Amino acid sequence: MTASPIDPVKLDKLAEVAIKVGLQLQPGQDLVLTAPMAALPLVRRIVEHAYKAGAGIVQPIFADEEITLARYKYAANESFDRAPGWLYEGMAKAFSGNAARLAISGDNPMMLAGQDADKVSRANRATSMAYKPALEKITGFDINWNIVSYPNASWAKLVFPDDPEEVAVKKLADAIFAASRVDVEDPIGAWKAHNAKLKERWTWLNGNNFSALHYTGPGTDLTIGLADEHRWKGGASEAKNGITCNPNIPTEEVFTTPHARRVEGYVRSTKPLSHNGTLIENIEVRFEAGRIVSAKATKGEAVLNKVMDTDEGARRIGEVALVPHSSPISKSGVLFYNTLYDENAASHIALGQCYADCFVNGTKMSGDEIAARGGNKSLIHIDWMIGSDKIDIDGITQDGQTVPVMRKGEWA
Ligand code: ZN
Ligand code: ZN
């Protein structure tokens, strides 16, 4: 056994931030935790901080890359249309009982790259459907939830392919710690300051109440109508159970709900999109009345088209997010192949499901009311980077005036 290349002090701070900032876990509150097996050192630190904070019962649920791959190698073909519904029903039940949710990401994003694309997409679909009742409680903000990352060796080797494993893991760990703001003396104070800055941005956007955003740049001339009574958010956010949590660590974005039927024009992706083990590169799509009517990609085009055939809402967008080009993750210049990181390096849109919470009184509205205001509905939610230092964004006010929002990727 050699010593781990991961700094144990910073790892412990990440665990503390996940519990105290990410979740603000309350005394007596249960916690459902999902993690890759390789993230066990972080899981142990998190469980310790959870119980110190007074947690009720903390229940980890583990997955493992080799176990997942064994399924693709040996399981019967028919089994790929099924998912362990009982597990997701149990999770939904736990959330109904006010359990908090913590996910640790860190699997190799290319894990399934060599597998049968049809099996991958059927398994994803079955999981999405089984997971839906639990996911709705998360996206609908019934409970406080959080996601943080652990530098699995398989992921680190993908991000830093030229380094020996030890070095790659250390580099990825340090990048995660820096982006998660746990490499400073007082991470909890740093998060407070960061949340305040994000709040200043979304308060300004809400004050303007733009009817649309207009993006221009190389390969891009796109008008994204914003949903009626949309509301911008970012950073800390109050769940319906009254607990203010920071769902994503890291996070640099302010975001809202676009109007699913009012997106016009064309746009080109500015970073590769890693989707369930496939890299999709140089995406170019054209929207008409909110619907993607043509889509191209130089790599992964078949997967992109398959994803958009998931359901009617998969060809429309459910999120629009603004991230300055100078964000720390963007400045690191690292491509993480992980949405939690890469979406915080650039302004983006997401195909699929919208967040109910991005409406005035959204969490009290029915699905039909959300749809009437332009909110999109889908089994998928896939973030997709369209920002860079070459993109300008204008806000269009309700009476048709133009206000600069971003210039060359920075807040105007
Ligand atoms: Zn986003
Ligand atoms: Zn998103």
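In the predicted model, the axes of helix α4 (residues 85–96) and helix α5 (residues 117–139) approach each other within 9 Å and cross at roughly 5 degrees. Helix α4 therefore runs roughly parallel to α5, since angles under 35 degrees count as roughly parallel. On the side of α4, the contact is made by G85, Y88, M91, A92, F95 and S96. On the side of α5, T127, A130, Y131, P133, A134, K137 and I138 take part. Of the residues in this contact, nine are nonpolar, three are polar and one is charged.

The model also holds two zinc ions, ligand 1 and ligand 2, which lie 3.3 Å apart. The zinc ion (ligand 1) has as its protein donors E253 (OE), E319 (OE), E343 (OE) and H348 (NE2), at 2.0 to 2.4 Å from the ion. Along the chain, these donors follow the spacing E-x65-E-x23-E-x4-H. The four donor atoms subtend angles of 76 to 153 degrees around the zinc ion (ligand 1), and the arrangement is therefore irregular. For comparison with a regular case, four donors count as tetrahedral if all angles lie between 85 and 135 degrees. Among the donors of this ion, E343 is buried, with a relative accessible area of 4%. H348 also counts as buried, because its relative accessibility is 0%, and buried means under 20%.

The zinc ion (ligand 2) is held by the protein donors E319 (OE), H381 (NE2) and two OD atoms of D383, lying 2.0 to 2.5 Å from the ion. The spacing of its donors along the chain is E-x61-H-x1-D. The site of the zinc ion (ligand 2) is irregular, with angles of 55 to 146 degrees among its four donor atoms.

The two sites are linked through E319, which bridges the zinc ion (ligand 2) and the zinc ion (ligand 1). E319 lies in strand β15 (residues 317–322), whereas H381 lies in strand β17 (residues 381–385). The pair therefore ties together parts that are 62 residues apart in sequence. The surroundings of these two donors can be described by their accessibility. E319 counts as buried because its relative accessibility is 2%. H381 is partly exposed, with a relative accessible area of 26%; this value falls in the partly exposed class because buried means under 20% and exposed means over 50%.

Conventions. Residues numbered from 1 in each chain as written. Chains lettered and ligands numbered in written order. Predicted model: local features only at pLDDT ≥ 70, side-chain atom pairs only at ≥ 80, totals over all residues. Heavy atoms only, no water. Axes fitted to C-alpha atoms, helices over the stretch in contact; angles between N-to-C directions. Helix = DSSP H or I, 4+ residues; strand = E, 2+ residues; numbered from the N terminus. Parallel < 35°, antiparallel > 145°, perpendicular 65-115°, else oblique. Contact = heavy atoms within 4.5 Å. Nonpolar A, V, L, I, M, F, W, Y, C, P; charged D, E, K, R; others polar. Donors = N, O, S within 2.8 Å, 3.2 Å for Na, K, Ca; no water. Tetrahedral: all angles 85-135°; square planar, octahedral: opposite > 155°, others 65-115°. Buried < 20%, exposed > 50% of the residue type's maximum accessible area, 1.4 Å probe, protein only.
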